[in-house]
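Good morning, colleagues. Please look at the sequence and the structure on the screen while I take you through a few local features.

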Amino acid sequence: MKALWIGLLVLICGVKIAAAQSPANKKKAKMPAFQRIVIDSVAQFGSHKPKVLGKFSKDPYNDIGSMDKEGFKLYRYSEGWKPYLIFSPGDPGGFEDAQIADIDHDGWNDIVIGGWSNMVIWAQNPSGQGFDPYTTKWKLFVVDNKRFSHEVCIADLNNDGKPDIITTTGVYIQGADPSKWTFVDIGRKGQGTFAANVLNNKDGYSDVIALYIDGETNKVAWFENPGHKGGNPLTGKWVPHVIDSNPGGDLCNFEMTTMAFTAGDINGDGKIDLVCASQGEGPGEGDNNRQIGDGLVWYEAPADPRSGNWIKHVINASVAWVHASSIKLADIDGDGHLDVNYAQQDQSKDRKDGSATKQQLGIFYNIDGKGLNWRQQILTQYPDYAAGGFNSKVGLIGKDKLPSIITSLHGFFHDPNPLMLWRHK
């Protein structure tokens, strides 16, 4: 009889515990709070303001970098975001994206920029020569002045320990020193680029994620680095592996010529998944032809990324007009799962048929760690002042433990486009 009562007690307690831990009874996690800070209030039409976030001096904190019509500026955290003009490469409308990397292998972050001007440039951090990076002008070096470079990524493509550059047109592999670059056309098409080791085998060779056009159909693909199989990234064939053979579907696939890509392990299975959205600038004319594609989606990587089927999961079907470098993955709420930060650029508010959201800067929190249950937080939305974003970056500010977001608009409609920081409180 005693054993029976103990058994019933365990059963009852077990049911209570299970009920307390079930999703229906689980208390919602508190939404992270952010402080909106205007880093630079200057508003300039036709200034794309490519941005960086990183460490450039002996100062232990990350600084913000952004370009306007005066030139590229570093905003120093330890001086209350005081701006320093570090180089002036020319027309600000000609540069669209920026990244940081130690290009010259001296231990300090340099800056790489590209854009509509068909220029790829890297700026040398003078810290490597013992000069102050805030008060010393950075030297500029041209990688290429002939090819389109709307977006810029940095990765080691030939496993030599040196940063290489990936752009809208192809890849640039660094030679014996950063004055020597070899361009390789890998066969990619369209706008939107990301670099990652898709096989996730840690062999030192990064692949390229981009659009691939087969016949008249736009496809999302990853281009396999020949180095994975012992080939030479300079001379070998970069084989395209299709992730989605018909993004946007039959009605608007023809417009899927511009997309935003990023990659990471969304569901915690140790494989590299793809996150993407439409940038919304396809060849269609008029508001009703400007598509939103599939919305904001992620593709679950198969066991074999070369031959398996990638499974598409829709995060939000109405998110579009996301600039090619404005999806970022980070654990923003500190729960150990990758979340998705997205920024919709100015043009999203021009969607008269109401099928797209209006110019947002937001976050989708990966609350189950599997990429199947998302919780949205909208930080700002049109018609809020300077709502949305363009060429956003995510990273740590000061002594913060969780990442913040920097962004701006690009003044497409002569809207205010101040440089904004959304800092974790």
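Does Asn 200 count as buried, partly exposed or exposed, and what is its relative accessibility? Before I reply, please note that this is a predicted model. Asn 200 has a relative accessibility of 28%, and because buried means under 20% and exposed over 50%, it counts as partly exposed. Its place is in the loop that lies between β14 (189-196) and β15 (207-214). Its phi is near 55°, a positive value in a residue other than glycine.

I turn next to the loop between β25 (374-381) and β26 (390-395), where Pro 383 lies. The peptide bond leading from Tyr 382 to Pro 383 is cis, and its omega is near 15°. Ala 386 is found in the loop between β25 and β26 as well. Ala 386 has a positive phi, near 55°, and is a residue other than glycine. With 12% relative accessibility, Ala 386 counts as buried.

My last topic is strand β8, residues 120-124. Five of its five residues are buried, so β8 is largely enclosed by the rest of the structure. On one side we find Val 120, Trp 122 and Gln 124, on the other Ile 121 and Ala 123, and all are buried.

What does β8 pair with? Strand β7 (residues 110-114) runs antiparallel to β8 and is joined to it by four bridges, with Val 112 opposite Trp 122. The two strands form a hairpin with five residues between them, and in the turn Asn 118 has a positive phi of about 60°. β8 also pairs with strand β9 (residues 139-144), in the antiparallel sense, over five bridges. Here Gln 124 stands opposite Lys 139.

Definitions and conventions. Residues are numbered from 1 along each chain as its sequence is written. This is a predicted model: local features need pLDDT of at least 70, side-chain atom pairs count only at pLDDT 80 or more; totals for chains, interfaces and linings use all residues. Side-chain values use heavy atoms; hydrogens and water are left out. Buried means under 20% relative accessible area, exposed over 50%, partly exposed in between (1.4 Å probe, protein chains only). Two strands pair if DSSP finds at least two bridges between them.
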